[in-house]
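Dear colleague,

Here is the structure that I promised to hand over, with the sequence alongside. Please look through it, and then read my notes on what was found.

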Amino acid sequence: MTACAIEGGTAGSATTAEPGSGTEPATGPEEEPGPEEERPAEAVGRAGAAIPEPPPFPPSDAAAPERPARTVAAGPRPPEAARTPAGVLTLTADGAYAARLTAAPGAPGERAWYPERWTLDGPEPYAVPLPLDQPEEPDSQVVPLADGRVLIARRVADRQMFSLLYPTGPGTGELPLGAVESTAMTLLPPSPDGSGVYALAVDGHVSSLWRVAGGAFGPERVATIPGRCSGGVWLDRAGRMLALDRQPPGGGPVKAVAVDLGREGEVTPLLQIAPESDDRLLLADPDSGLLLLRSDAPGQDRLGWGVLGSCLPVRFPECLRPGDPADVTVTPFAVQPGQMLMPESCAVALRIDGAAGSWLGVWRPAGRRLHQFAAPEGWSPGTGHWSRDGVLHLPYANAATPCGVARLEAPEDTHPLSGTGRAQVADSGADPSAAVTAPAVCKPVPLGQAPLHRAAPPG
């Protein structure tokens with residue numbers, strides 16, 4: 001897979017290498033997700049035994065399986081930034097379901113945590129609590145599946161135990177999947193196919209990628225990657241190509257790499273803007289090829305965009321820096337799907353964090369303007385899903401509405417100039433110029449060989 005740079009070319013100029021074609025692109029990762037003392041992850045428990053697939057909603061008389069008491073051992077915990085905090089929603093790739101860990105009212109140290117599943121694709125959103133016979137630990141992780149079940153990962157001593165939860169009449173059913181011997185694992189975003197869930201374990205300078213749900217025999221290791229990996233962005237809708245942010249075993253800059261799950265976890269470079277820059281992939285849209293990334297290649301950490309397979313350099317728009325980076329942080333969390341071959345027209349939803357809290361931003365590469373909006377009360381920051389027609393769905397919960405979805409239509413980007421070549425160039429995402437020139441013909445090059453800015457046209 002090759003990711004090439006972009007600096008405002010039209011959608012038709014992008015050339016994309018097919019995943020798995022062997023074409024070498026460039027590299028990139030994130031922050032250290034685990035402590036150095038972690039042991040190598042090993043599958044234990046039911047791994048190796050075939051797991052029956054129950055229907056999404058078993059009959060109401062199905063008894064919930066008995067589960068041993070959980071003893072949480074003291075020891076190193078993964079850093080908070082590497083885990084999904086309790087109370088934050090995680091959505092399926094299609095936005096139909098969400099899941100979170102929530103708690104019944106009570107004193108901070110005595111709150112009883114339990115999983116909750118949200119159904120968002122019906123006429124009215126609603127939440128279903130999934131409590132079991134004992135409360136969950138607040139560092140348990142949950143991920144929804146496309147069939148309505150919820151995967152939960154619990155730390156029990158030095159193991160990570162995985163189960164599927166589902167409503168059964170008035171109660172909650174649980175299907176144990178097995179365990180992995182590891183002190184810390186991070187669940188990755190739900191696979192686009194809706195059935196698979198993957199987790200990342202880091203042991204020193206080696207990372208292991210595990211399929212913890214969706215396989216035939218419990219948790220299974222699918223890739224071992226030298227270096228410390230984090231992040232996790234899906235590059236296709238089949239759930240085959242996964243991008244991770246990787247730091248080499250001997251240290252050095254963080255680069256995004258592509259992991260081909262259809263080729264036994266083959267790893268190829270994905271992003272490399274400059275040899276010594278940290279280049280992390282934040283979001284990818286499989287339909288248009290639009291990539292959102294963060295890099296310090298311009299001299300400081302900046303939010304940029306490019307197109308998978310394009311021959312033009314990465315752009316770092318000024319409008320995505322609404323304030324001092326020390327005071328305001330901008331993070332993309334959703335891209336409008338369905339814009340085939342039109343990356344510049346995709347609406348991107350951004351979470352903006354500052355001293356006043358968190359609010360929303362909407363931006364298009366072609367528009368070159370950041371629209372800012374107040375977030376609905378009780379919004380789960382950084383959570384949302386675009387419809388194909390440009391409506392942003394934002395799940396929220398507050399005292400008046402325990403499960404709600406606010407809808408925001410992407411604003412239109414207008415330009416003061418119209419009917420001129422200059423305005424048309426601005427619409428395409430390129431820098432305005434005095435005259436319209438024929439587009440330059442260029443062949444795709446890896447991001448590592450592409451300049452940060454376009455050279456001036458000859459003559």
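Of the 459 residues in the chain, 52% are buried, and please keep in mind throughout that this is a predicted model. The chain holds 1 helix and 27 strands. Its accessible surface comes to about 19,900 Å², and carbon and sulfur atoms account for 54% of that area. When contacts with a separation of 6 or more are considered, 53% of them join residues that lie 24 or more positions apart.

Let me begin with the charged side chains. In general, side chains of opposite charge can pair when their charged atoms come close. In this model the count comes to 15 salt bridges, and a few of them can be followed residue by residue.

Arg154 is a useful place to start, in strand S7 (residues 150-156). The side chain of Arg154 meets that of Glu136 in a salt bridge, with a distance of 2.7 Å from N to O. Because Glu136 lies in the loop between strand S5 (126-129) and strand S6 (141-144), while Arg154 belongs to strand S7, this pair ties together parts that are 18 residues apart in sequence. Glu136 has a relative accessibility of 4% and therefore counts as buried, the cut-off being under 20%. Arg154 is also under that cut-off, at 3%, and so is buried.

The side chain of Arg154 also forms a salt bridge with that of Glu174, at 2.9 Å from N to O. This second pair links distant parts of the chain, since Arg154 sits in strand S7 and Glu174 in strand S9 (residues 171-181), 20 residues apart. Both Arg154 and Glu174 are buried.

Two further items belong with the charged residues. Arg240, Asp260, Arg263 and Glu266 are linked to one another in a network of salt bridges. Arg211 and Glu220, for their part, meet through their side chains in a salt bridge of 2.8 Å, N to O, and Glu220 is partly exposed, with a relative accessible area of 32%.

Arg211 appears again among the neighbours of Val222, a residue of strand S13 (residues 220-226). Leaving aside residues up to four places away in sequence, Val222 touches Tyr198, Leu209, Trp210, Arg211, Leu261, Glu264 and Gly265. Of these, Gly265 is 43 residues from Val222 along the chain, yet the C-alpha atoms of the two are separated by 6.1 Å. Is Val222 buried or exposed? Val222 counts as buried, because its relative accessibility is 17%, which falls under 20%.

The aromatic residues come next. A pair of aromatic rings is described by the distance of the centres and the angle of the planes. A search of the whole structure finds 3 aromatic pairs, and I describe two of them here, beginning with Trp305 and Trp363. The ring centres of Trp305 and Trp363 are 6.5 Å apart and the planes stand at 70°, so this pair is edge-to-face. Since Trp305 lies in strand S20 (residues 302-307) and Trp363 in strand S23 (residues 357-363), the pair ties together parts that are 58 residues apart in sequence. Trp305 is buried, with a relative accessible area of 1%, and Trp363 likewise counts as buried, at 1% relative accessibility.

The other pair is that of Phe333 and Trp379, whose ring centres are 5.7 Å apart with planes at 50°, so the arrangement is tilted. Phe333 lies in strand S21, whereas Trp379 is found in the loop between strand S24 (370-373) and strand S25 (385-386), so parts that are 46 residues apart in sequence are tied together by the pair. Phe333 counts as buried at 14% relative accessibility, and Trp379 counts as buried at 7%.

One more aromatic ring is worth looking up, since Arg111 lies over the face of Trp113, at 5.3 Å from the ring centre.

Finally, on the surface, Met340, Leu341 and Met342 form a nonpolar patch, with about 340 Å² of accessible area together. Within this patch, Met342 is placed in the loop between strand S21 (329-335) and strand S22 (348-354), and Met342 is partly exposed, with a relative accessible area of 41%.

With kind regards

Technical notes:
Residues are numbered from 1 along each chain as its sequence is written. This is a predicted model: local features need pLDDT of at least 70, side-chain atom pairs count only at pLDDT 80 or more; totals for chains, interfaces and linings use all residues. Side-chain values use heavy atoms; hydrogens and water are left out. Helices (H or I, at least four residues) and strands (E, at least two) are DSSP runs, numbered from the N terminus. Buried means under 20% relative accessible area, exposed over 50%, partly exposed in between (1.4 Å probe, protein chains only). Contact means heavy atoms within 4.5 Å. Patches are made of residues with over 30% relative accessible area and no salt bridge: like charges are joined within 9 Å, nonpolar side chains (Val, Leu, Ile, Met, Phe, Trp, Tyr) within 5 Å. Accessible areas come from the Shrake-Rupley method with a 1.4 Å probe; for residues, only the protein chains shown count as cover. A salt bridge is a side-chain nitrogen of Lys or Arg within 4 Å of a carboxyl oxygen of Asp or Glu. Rings of Phe, Tyr and Trp (its six-membered ring) pair if their centres lie within 6.5 Å; planes under 30 degrees apart count as stacked, over 60 as edge-to-face and the rest as tilted. A charge sits over a ring if NZ of Lys or CZ of Arg is within 6 Å of the ring centre and within 35 degrees of the ring normal.
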